[in-house]
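Here is a short tour of a protein model, meant to be read with the viewer open. Take a moment to turn the structure around before reading on.

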Amino acid sequence: MSLSNLHGRVLEFCIVKEFERVFNKKIILSKKTIQDNIRDKQKLKEISINKLIHFKRSSVKIVKWLINHIGKFDTSLKLERLSDEEGKKGDVTDIRLTYDEKTLNISLKNNHLATKHQRPGPTPKHIGLTNDSDDTKHFKEQYRRINSDFFNFVKSKNQNFEKYNEVEKYKFKHLYKPVCNLVSGLLNKHNYRSKDYLMFLIGKVFFKKIVLFNNHFEITSFDKIPVTKKMKSWVENKNYVLIEFNEDITLSMRLHTASSRLTERGSLKFDTQILKMNLKKKTINI
């Protein structure tokens, strides 16, 4: 498990425990949430003492803000921790609160602002193309070829290359740029699928995104995803794909390796962030 995933799980655990402490019998945890917290209790010993103290202290402030945001309610508060599988379907919620027939979706992050960490290979699926479409088949074949050609190219330079950090001087020109061009070309060809892609990258439900930093946390409100009918994409600096939706939303997708090991199939991910979008944001000091 990566360090970011470990920290994310422990932070969610701490948030749930703080809600339990505050609401006692007035909170209902879903079966999955109970199971996840039992699982993640074992993770507490895998992070540093200072990080754990930071998470616990911050959870008190985060839960206090959420309670003030919710206000008074008459029914019990139901809390659910959602799986990463929901994120693949477009629901970025990590913790869902339900009360008085209302719902508050929370995307909880530790020290990073990315909206998505998607792999480039399934891009046709991300924009709503079917597996049997000609463009999907062509994209997958081209993606496979780029990764395979790069692997064979660097092995021709040195058979002992085993990791991506050993081929830094080659990967931007011979791997990242071709993949970015492939993705950008597909997005421009199907620019009318902008609504599907924007919802995939940002989320298909209204939510609050809470990002925890060392001395503060930020709350960004995704209460209304703008309607978009067209997108425009281009490549910058060999490993960035930029996408503009309706001229008032711009996202940046930075391509990088998802694994250290060099393979013929490749192991790549995008780090997607918002460059431009009209969102309400609040900062709370810890």
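How many of the seven residues of strand β6 (residues 216-222) are buried? Six of them are, so to speak, under cover: strand β6 is mostly covered, where buried stands for under 20% relative accessible area, exposed for over 50% and partly exposed for what lies in between (1.4 Å probe, protein chains only). Helices (H or I, at least four residues) and strands (E, at least two) are DSSP runs, numbered from the N terminus.

A word on the ground rules. The model is predicted, with local features needing pLDDT of at least 70 and side-chain atom pairs counting only at pLDDT 80 or more, while totals for chains, interfaces and linings use all residues. Residues are numbered from 1 along each chain as its sequence is written, and side-chain values use heavy atoms, with hydrogens and water left out.

**The sheet**

Strand β6 belongs to an open sheet of seven strands, in the order β1-β2-β3-β4-β5-β6-β11, with mixed pairing; two strands pair if DSSP finds at least two bridges between them. At the edges sit β1 (27-29) and β11 (280-285), each of which pairs on one side only. Direction ignored, neighbouring strands of this sheet are turned by 20° against each other on average.

Let us walk through three of the pairings. Strand β4 (residues 102-110) and strand β5 (residues 207-212) run parallel and are joined by five bridges. Three residues make up the hairpin that links β5 to β6. The table sets out one bridge pair from each pairing.

| Strands | Direction | Bridges | Bridge pair |
|---|---|---|---|
| β4 and β5 | parallel | five bridges | Leu108 and Ile210 |
| β5 and β6 | antiparallel | six bridges | Val211 and Glu218 |
| β6 and β11 | antiparallel | six bridges | Phe217 and Ile284 |

While you look along these strands, keep in mind that in a regular strand the side chains alternate between the two faces of the sheet.

Helix α1 (residues 3-23) lies across β1, β2 (77-81), β3 (95-99), β4 and β5. Its direction is at about 170° to β2; axes here are lines fitted to C-alpha atoms, for helices over the stretch in contact, and angles run from 0 to 180 degrees between N-to-C directions.

**A pair of helices**

Now turn to helix α6 (residues 134-157) and helix α7 (residues 168-189), whose axes come within 10 Å and cross at roughly 175°. That makes α6 roughly antiparallel to α7, a label given to angles over 145 degrees. Among the residues making the contact (heavy atoms within 4.5 Å) are Phe139, Ile146 and Phe150 of α6 and Leu175, Val179 and Leu182 of α7. By class, the contact of α6 with α7 has 13 nonpolar, three polar and four charged residues. In this scheme Ala, Val, Leu, Ile, Met, Phe, Trp, Tyr, Cys and Pro count as nonpolar, Asp, Glu, Lys and Arg as charged, and the others, Gly among them, as polar.

A salt bridge (a side-chain nitrogen of Lys or Arg within 4 Å of a carboxyl oxygen of Asp or Glu) also links the two helices. Asp135 forms it with Lys189, the closest N and O atoms being 2.9 Å apart. Asp135 lies in helix α6 and Lys189 in helix α7, so the pair ties together parts that are 54 residues apart in sequence. Lys189 is exposed, at a relative accessible area of 54%.

**More salt bridges**

By this rule the count comes to 20 salt bridges. One network, joined through shared partners, takes in Arg9, Glu12, Lys32, Asp36, Arg39, Asp40 and Arg81. Within helix α2 (residues 31-41), Asp36 and Arg39 lie three residues apart, about one turn of the helix, and their side chains meet in a salt bridge (3.6 Å, N to O). Asp36 is buried at 8% relative accessible area, whereas Arg39 is partly exposed at 33%.

Elsewhere, Arg96 forms a salt bridge with Asp91, with 2.6 Å between the closest N and O atoms. Arg96 counts as buried at 17% relative accessibility, and Asp91 is buried at 7%.

**Helix α5**

Finally, Thr123 lies in helix α5 (residues 123-126) and is buried, with a relative accessible area of 1%. Leaving out residues up to four places away in sequence, Thr123 touches Phe139, Val183, Leu186, Leu187 and Tyr197. His126 lies in helix α5 too and is buried at 12%. By the rule that leaves out residues up to four places away in sequence, His126 touches Gln118, Arg119, Asp196, Tyr197 and Phe200.

Key
Angles under 35 degrees count as roughly parallel, over 145 as roughly antiparallel, 65 to 115 as roughly perpendicular and the rest as oblique.
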